[in-house]
Amino acid sequence: SPARAADPAKGKAVFQAQCAMCHQVKPKALGIGPSLAGVVGRKAGTLPGFAYSPAMKTFAKPWTPALLGTYIAAPMKGVPGNRMPYAGLADAAKRADLIAYLATLK
């Protein structure tokens, strides 16, 4: 069967449940984690004003949807040594929805 299309509205709900306690969606807003506004396409570890781990600064790859998917599934494997205390989101459909939502944030 064909894969279902990712749903940004469902992704917003995933964000609220899984990410909002640490991440903001307003540009330049810092919390425990960096703002995720504009994260799709942004180079990892580069949001001004956020104290990234050395691992994230060194990683420095642009966040593509595919790379975000790998990272969100298992952050410690995606970028070993990063400081995000999150075990990961195993559900591929929820990850796709979340990334679709993140892509709407400018």
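Here is a short tour of the core, one of the helices and the cysteines of this structure. The model is a predicted one, so please read every value below as computed from it. Its largest nonpolar core has 21 residues, and the structure holds zero disulfides.

**The nonpolar core**
- Within the 21-residue core, the residues with the most contacts are Phe-15, Met-56, Trp-63, Ile-72, Leu-98 and Leu-102.
- At least two residues of this core come from each of helix 1 (8-18), helix 2, helix 3 and helix 5.
- Helix 5 gives the most, supplying four residues.
- As general background, nonpolar side chains in soluble globular proteins tend to be buried together.
- Leu-98 touches Gly-11, Val-14, Phe-15, Cys-19, Ile-72 and Leu-89, leaving aside residues up to four places away in sequence.

**Helix 3 and its cover**
- Helix 3 spans residues 65-73, and its Leu-68, Gly-69, Tyr-71 and Ile-72 are buried.
- The cover over the buried residues of helix 3 includes helix 2 (54-59), helix 4 (75-78) and helix 5 (92-104).
- Ile-72, buried in helix 3, is also one of the core residues with the most contacts.

**The cysteines**
- With zero disulfides in the structure, Cys-19 is in no disulfide, and the nearest cysteine sulfur, that of Cys-22, is 8.8 Å away.
- Why is the sulfur of Cys-22 not bonded to that of Cys-19? The two sulfurs are 8.8 Å apart, which is too far for a bond, because a disulfide needs them within 2.5 Å.
- Cys-19 counts as buried, at 13% relative accessibility, whereas Cys-22 counts as partly exposed, at 23%.

How values were computed:
Residues are numbered from 1 along each chain as its sequence is written. This is a predicted model: local features need pLDDT of at least 70, side-chain atom pairs count only at pLDDT 80 or more; totals for chains, interfaces and linings use all residues. Side-chain values use heavy atoms; hydrogens and water are left out. Buried means under 20% relative accessible area, exposed over 50%, partly exposed in between (1.4 Å probe, protein chains only). Contact means heavy atoms within 4.5 Å. A nonpolar core is a set of buried Ala, Val, Leu, Ile, Met, Phe, Trp, Tyr and Cys residues joined through side-chain atoms within 4.5 Å.
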